[in-house]
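Reader: Could we go through this model together? I should like to begin with the ligand and its surroundings.
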Amino acid sequence: MVNLRPARPDDSAALAPLCSELGYPASAEQLAPRLAALLSQPATHVLLVAENASGLCGWIHGYIRPLLESDPALEIGGLVVAERVRGQGIGALLLTATETWARQQGVAQITVRSQEHRTAAHRFYQRQGYQVAKRQLCLRKALAA
Ligand SMILES: CC(C)(COP(=O)(O)OP(=O)(O)OC[C@H]1O[C@@H](n2cnc3c(N)ncnc32)[C@H](O)[C@@H]1OP(=O)(O)O)[C@@H](O)C(=O)NCCC(=O)NCCS
């Protein structure tokens, strides 16, 4: 039995191991201010968690990205389901709920950027109706303080 609900400020400890499973290790202390920042912007950010009898077992973050060159679209910032409960439809539930939220905000398009190596996730998204739109490079520069 899985329940979806909006994330709460006190979820950071339970979210931390799931961030590690996504490949972005972070402590509860690191997550707490990030979580608070997202929760303070409910008009443009949605952060849902999946909960079962053992606790939190997944999360999704979506945000509306305003651009000059195109209409606002929803971006999936992150999606992960605990490895022990993958393949039970929890990822699909989280994604569908986020799509519903986006529609309610008047957003007509949803995008997810996914690393090349996440081939299982690509299959998941394609089953959910997502199509490859383009391939990109991600370039990064550290800014000196
Ligand atoms: C992608 C992910 C969120 C899907 O969640 P999920 O709850 O397993 O998804 P569902 O049960 O709704 O759908 C299952 C489908 O997901 C895919 N899938 C990806 N990884 C899987 C795994 N380890 N176990 C089972 N299914 C997996 C399969 O295509 C599967 O379809 P199938 O069972 O018909 O083969 C989850 O596998 C995950 O957290 N992966 C690691 C993190 C990640 O890659 N996130 C996406 C970043 S863009």
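Author: What follows covers the ligand shell and then one residue of the protein; please note that the model is predicted.

Reader: How many residues surround the ligand, and which are the closest?
Author: The ligand is surrounded by 19 residues, and the closest are Leu79, Val81, Gly87, Gly89 and Gly91.

Reader: How do the residues of that shell divide by character?
Author: The shell around the ligand comprises 10 nonpolar, 5 polar and 4 charged residues.

Reader: Which polar atoms lie by the oxygen atoms of the ligand?
Author: A polar backbone atom of Gln88 is 3.1 Å from an oxygen atom of the ligand. Two arginine side chains also take part: an N or O atom of Arg127 is 3.2 Å from a ligand oxygen, and an N or O atom of Arg118 is 3.4 Å from a ligand oxygen.

Reader: And how much of the ligand does the protein bury?
Author: The protein buries 77% of the 860 Å² that the ligand exposes when taken alone.

Reader: Which elements give two or more residues to the shell?
Author: Those elements are strand 4 (73-81), helix 3 (90-104) and helix 4 (119-127).

Reader: Which gives the most?
Author: Helix 4 does, with 6 residues.

Reader: Turning to Thr98, where is it found?
Author: Thr98 is part of helix 3.

Reader: Is Thr98 buried or exposed, and why?
Author: Thr98 counts as buried because its relative accessibility is 0%, and the cut-off for buried is under 20%.

Reader: What does Thr98 touch, leaving aside residues up to four places away in sequence?
Author: With those set aside, Thr98 touches Val46, Leu48, Ile60, Leu74 and Ile76.

Definitions and conventions. Residues are numbered from 1 along each chain as its sequence is written. This is a predicted model: local features need pLDDT of at least 70, side-chain atom pairs count only at pLDDT 80 or more; totals for chains, interfaces and linings use all residues. Side-chain values use heavy atoms; hydrogens and water are left out. A residue is near a molecule or strand if one of its heavy atoms lies within 4 Å of it. A polar contact is a pair of N or O atoms within 3.5 Å; within protein, one must be able to donate a hydrogen and the other to accept it, and residues adjacent in sequence count only if both atoms are side-chain atoms. Accessible areas come from the Shrake-Rupley method with a 1.4 Å probe; for residues, only the protein chains shown count as cover. Helices (H or I, at least four residues) and strands (E, at least two) are DSSP runs, numbered from the N terminus. Ala, Val, Leu, Ile, Met, Phe, Trp, Tyr, Cys and Pro count as nonpolar, Asp, Glu, Lys and Arg as charged, and the others, Gly among them, as polar. Buried means under 20% relative accessible area, exposed over 50%, partly exposed in between (1.4 Å probe, protein chains only). Contact means heavy atoms within 4.5 Å.
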